[in-house]
Structure formats: C-alpha cells, structure tokens
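This report covers a ligand shell, a helix pair and the overall fold. The structure comes first.

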Amino acid sequence: MAAPELPGPELPGPELPGPELPGPELPAPDEPRVHVAVDDLHVRYSAPDAAPRTGRSRLRRGVDAALGRGPSVVVRALVGVSLVARAGDAVGIVGLNGSGKSTLLRAVAGLERPARGTVLASSTPVLLGVNAAMIPDLTGRENVRLGCLAMGMTPEATAAALGDVVDLSGIGAAIDLPMRTYSSGMGARLKFAIAAASEPEILLVDEALATGDAAFRERSRERMDRLRAGAGCVFLVSHAAQTVEETCTRAIWLHQGRVVLDGPAVEVAQRYRWFAWNLAQGEDAVAERLLEEAFRAGVEIVVDLDGAAGVPGGRGVRGVRHARRQR
Ligand SMILES: Nc1ncnc2c1ncn2[C@@H]1O[C@H](COP(=O)(O)OP(=O)(O)OP(=O)(O)O)[C@@H](O)[C@H]1O
Ligand SMILES: [Mg+2]
C-alpha cells in the first residue's frame, strides 16, 4: 500500500518520517510500541430482512425459497474504522446500541472476517465478551480453572492464579456454588477476573464492568492499570461513560460503524454523554448537531501498514506508522 498522502493542517502521529509529515510536531522516537493496528476496517453481516420488499422478483423469491433462506439485508457494522493502540493505552469504546462496538472488539480478536481492511495485533488478544463461555452447572472455581486453561495457561500457572482470580472477582464463598446460581453481575465479575489472570498483552473487555459495584470497579481499574504498566493495552466497551472516564486514557466514539472521535477519554466520554442525553430527551436536532460538531472536531487516523511485518489478524505490528489529520 502506498504511503498515505497527508495534506495539511496535520497533526502527525508517531514514527511517520519523510517529507509528507513535516513540522515540529513529530513525536519522540521512543513512542510506546504498537499492539493493535486497524486500517480501514469494514465488517458486514447478513441479517434477515425485517421488512421484505414486495418488489423482489419471482425468480429471486423462488431461488431463496429453494435454498431455504429468506430475504436478507447487508448490515454495515463497521465502515472504514482505523485506529492504533500502543503499550500503556486503555481505550474506551462508547456509542449507541448497534454502533459497532462489540463488532470492533470481535474483529480485533480475529473473530470477524473483515469485508475490507486489515487488523494486526502483536499477540493473540484475550476477548472478555458478555457471552464468554461459562458452564452453568460447574462451580465458579471450576469455571476459573477451565477458563485459565482455555486461555493457554499451564495447569501450574492456573493453580497459582486461582486465589488471585477469586479475590479480584469478589465472589467470596459463592465461588464453590454452581454458576447458574450467580447474578449477572457476579458472572461478569468472574469473567473479568479470569480474563485478566493470564495478564494478556491485549485485553478486550465488552461491558463486563458495567454490572460491577463500586468496589469491584476500583479493583478492576487497578488491574487494568497493572496490565498497562506492564506494557499491555486494554480496550473497554462500556455504556457507562463515567466508567470510561475513570478507567481509560483514551476513548473512541463509534456511530453507525464509523469513528466520530478518538481522543482523551474524558473529553470523548463527556461529548458522547451529552449527545446521548439529548437523544434520550427527544432533542434529536440538538443531538444531531452535537454529533456533527464532534465529528468535525475529530481527527482522521491514517495507518500505514507498509512496513508491518505480519499477516492479517496475526502477529507483528512492528513497522506500523500512523498519523492523525484534521477532518
Ligand atoms: N451476528 C450478527 N448478524 C447480523 N447483524 C449483526 C450481528 N452482530 C451484530 N450485527 C449488527 O451489526 C451492528 C453492530 O452491532 P454491534 O453488536 O457491534 O453493536 P454494539 O455497539 O456492540 O451494540 P450494543 O451497545 O447493543 O452492544 C448492529 O446493526 C447489529 O444489529
Ligand atoms: Mg455490544
């Protein structure tokens, strides 16, 4: 891929040398290393058409019926998303329902095949999803063991981590009860504790913290800080903009599969919260204006994978260069 053209005014990102990124704003060369690079990512789903058009040809209807499938539509869940996450980043993802947050995490985890674009990761990300597989008839403790082994930890490391996982989850004596007896908050806390146990370089968390109480949120924030201090990076999807403000260094606001803003967590979360609040009040015109303003205030992330040694979804993001430019 050719190096991107970057017309001014520019806010050059790290590591982009050469004449296309002039000026005094070039960052220090010792920028933390890139863990995740996403370039122009498009993900589409095929979904049943809720309102099939009557205009479909008889032939098409016949073919669909013969193949046992109903009318379907293409859902563009992500539309040209680019981002870079470096060691030490805790990236919050905010956005309305259906804006593409979970899809983005799944794509970073290598669980969605992009229709277009590239995802590179420095190591296998650990995705903690709302539906992370837990076996309801097994106890919390047994699920911890299975979860740790499933993430590739050795039996010894699993045994050593057990106490720590139980402490972090705050489940207490209920750890020896079947998981089907847990509230959704207890289950989510245990999932988070399991995912953090392997101390992954890239931890992807989808909503798990939302159901936790204040004490758990504090413990999980400390754990994320520890991962980041160990040069890891964390992505956190949350509807609670406040959690993102408290927990993350940076935030990305997604809307209809596009990046509206990518910047400091507090600024992005507050702008998103104000937008969502207006929408909830029925102030659609105000919300629309806030969305447009945020989009215009945002910068476009340009990722150059030219120098990257790696394969899509695989290892090796060394050599990735990225820059930001005003929209
Ligand atoms: N498996 C799927 N099949 C079809 N469409 C899907 C599928 N998963 C997601 N979508 C659609 O893709 C879009 C993005 O969904 P996604 O789950 O990423 O949103 P989200 O931001 O995580 O939403 P929420 O806040 O509700 O969790 C939505 O329009 C959704 O309906
Ligand atoms: Mg989701």
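## Shell around ligand 1

Ligand 1 is surrounded by Y45, A47, V75, A77, G95, N97, G98, S99, G100, K101, S102 and T103. A residue counts as near if its C-beta atom, placed from the backbone, lies within 6 Å of the molecule. This is a predicted model: local features need pLDDT of at least 70, side-chain atom pairs count only at pLDDT 80 or more, and totals for chains, interfaces and linings use all residues. Residues are numbered from 1 along each chain as its sequence is written, while chains are lettered from A and ligands numbered from 1 in the order in which they are written.

β2 (34-48), β3 (72-86) and α2 (101-108) each give at least two residues to this shell. The largest share, three residues, is from α2. Helices (H or I, at least four residues) and strands (E, at least two) are DSSP runs, numbered from the N terminus.

By type, the shell has four nonpolar residues, seven polar and one charged. Ala, Val, Leu, Ile, Met, Phe, Trp, Tyr, Cys and Pro count as nonpolar, Asp, Glu, Lys and Arg as charged, and the others, Gly among them, as polar.

## Helices α3 and α4

V144, R145, C148 and L149 of α3 meet T158, A161, L162 and V165 of α4; contact means C-beta atoms, placed from the backbone, within 7 Å. This contact holds six nonpolar residues, one polar and one charged.

## Whole chain

The chain has nine helices and 12 strands. Of contacts between residues at least 6 apart in sequence, 72% join residues at least 24 apart.

Terms used
Contact = placed C-beta atoms within 7 Å.
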